[in-house]
Amino acid sequence: MNTPNLGVIIGKGHGNQRELAAAISGQGFKIVISKHTWPRDAYVKYQGIYIRNYEPENQNPWNVFGEGGYFQIGEDYILVSDRVYQDGKSEGRFINSQETVPMEQIIQREAVKYYPTARIHVTPSGEPHQSHKHIDMYTLLLSKSNLLILDTHFGGEVVQSKKYEAIAEKEGLNLIHYDGSQDSVWYPLNVLVLPTAQSEIVFLDKKATSLQQLLQKYNIPCIAVELEQTSYPTGKINCQ
């Protein structure tokens, strides 16, 4: 049985809002339809607490540590992109221009203010031309199933970093390198993962058949959703 009291917000995305809503509600989850395009990028939920990416009460309202795409969330740890400050809105909010501390240390220092109980892993994302700054476009963490999947196509050389191996070893994860070009769809690892009583369930692009086969190999339930195939999507299921 799935989590009956869990509400899932669903935005417009690039389309297919109705199809995604039907798939999620069909598994027993409550849904909330949003007029926004990518509503799940507007917050991070960790251990029942919501951190927003926009805090109007602050002098600088943009908060990178509430930008959903920068994170992968584990049970008691988080993965955060090393490019959180490259969004053009939040840069400088936390950083003193005179600091000589490495960026990774700055991110860890600031992230712990929002996630004080979490082990924080800063993950490499490469230069802008190498990969997307949102790590949920080429990484997939299934913490209950102890899997960390990295897309060697859309993540490129970045996902070959030894840092991912170190994270997997520390958190007891099975590290899998997956070729996201197999099914000719954009960002197949950008899926929606929802908790179930036993484990977790994954909602993914119907055309990502190789990913579905991979997850089924590990006995992870999958729900395939028919999605609009755009030429270069700015987000996908996890964002929507």
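**Internal spaces, aromatic pairs and selected loop residues**

Two cavities of 30 Å³ or more are present in the structure, which is a predicted model. The largest cavity encloses about 140 Å³ of space. Its lining comprises 15 residues, and those nearest the centre of this cavity are His-14, Leu-227, Glu-228, Gly-235 and Lys-236. Divided by class, the lining of the largest cavity consists of seven polar, five nonpolar and three charged residues.

Glu-228, one of the residues nearest the centre of the largest cavity, also takes part in a contact with Asn-16. A polar atom of the Asn-16 side chain lies 2.3 Å from the backbone nitrogen of Glu-228. Asn-16 is located in the loop that runs between strand 1 and helix 1 (residues 17–25). The relative accessibility of Asn-16 is 15%, and Asn-16 is therefore classed as buried, the limit for this class being under 20%.

The largest pocket holds about 1,000 Å³ of space. It is lined by 35 residues, among which Lys-45, Ile-73, Val-193, Leu-194 and Pro-195 are the closest to the centre of the pocket. Five strands each contribute two or more residues to this lining: strand 1 (7–10), strand 3 (43–46), strand 5 (71–73), strand 8 (139–142) and strand 11 (192–195). The lining of the largest pocket is made up of 18 nonpolar residues, ten polar residues and seven charged residues.

With regard to confidence, the mean pLDDT of the chain is 89, and 90% of the residues reach a score of at least 70. Strand 8, which is among the elements that supply residues to the lining of the largest pocket, has the highest confidence in the chain, at 98. The lowest confidence is found in helix 2 (residues 103–114), with a mean of 91. Where pLDDT is low, the predicted coordinates should not be read in detail.

Nine aromatic pairs were counted in the model. In the pair formed by Phe-65 and Tyr-114, the ring centres are 5.7 Å apart and the planes meet at 20°, so the arrangement is classed as stacked. Phe-65 belongs to the loop between strand 4 (49–52) and strand 5, whereas Tyr-114 belongs to helix 2; the pair therefore ties together parts that are 49 residues apart in sequence. The two partners fall into separate accessibility classes: Phe-65 is buried, at 0% relative accessibility, while Tyr-114 is partly exposed, with a relative accessible area of 22%. A further aromatic grouping is the cluster formed by Tyr-46, Phe-71 and Tyr-115.

Two asparagine residues have positive phi values. For Asn-146, a residue other than glycine, phi is positive and near 60°. Asn-146 is placed in the loop between strand 8 and strand 9 (147–151), and its relative accessibility of 38% makes it partly exposed. Phi of Asn-219 is likewise positive and near 60°. The loop that contains Asn-219 connects helix 4 (209–217) and strand 13 (222–225). Because its relative accessibility is 71%, Asn-219 counts as exposed, a class that requires a value over 50%.

Methods:
Residues numbered from 1 in each chain as written. Predicted model: local features only at pLDDT ≥ 70, side-chain atom pairs only at ≥ 80, totals over all residues. Heavy atoms only, no water. 1 Å grid on protein atoms, 1.4 Å probe; cavity = no way out; pocket = protein on both sides within 12 Å on 5 of 7 lines; lining within 4 Å. Points joined across faces, edges and corners; volume = space filled by probe spheres on them. Helix = DSSP H or I, 4+ residues; strand = E, 2+ residues; numbered from the N terminus. Nonpolar A, V, L, I, M, F, W, Y, C, P; charged D, E, K, R; others polar. pLDDT = per-residue confidence, 0-100. Buried < 20%, exposed > 50% of the residue type's maximum accessible area, 1.4 Å probe, protein only. Phe/Tyr/Trp six-rings, centres within 6.5 Å; stacked < 30°, edge-to-face > 60°. Polar contact = N/O pair within 3.5 Å; in protein donor to acceptor, adjacent residues only side chain to side chain.
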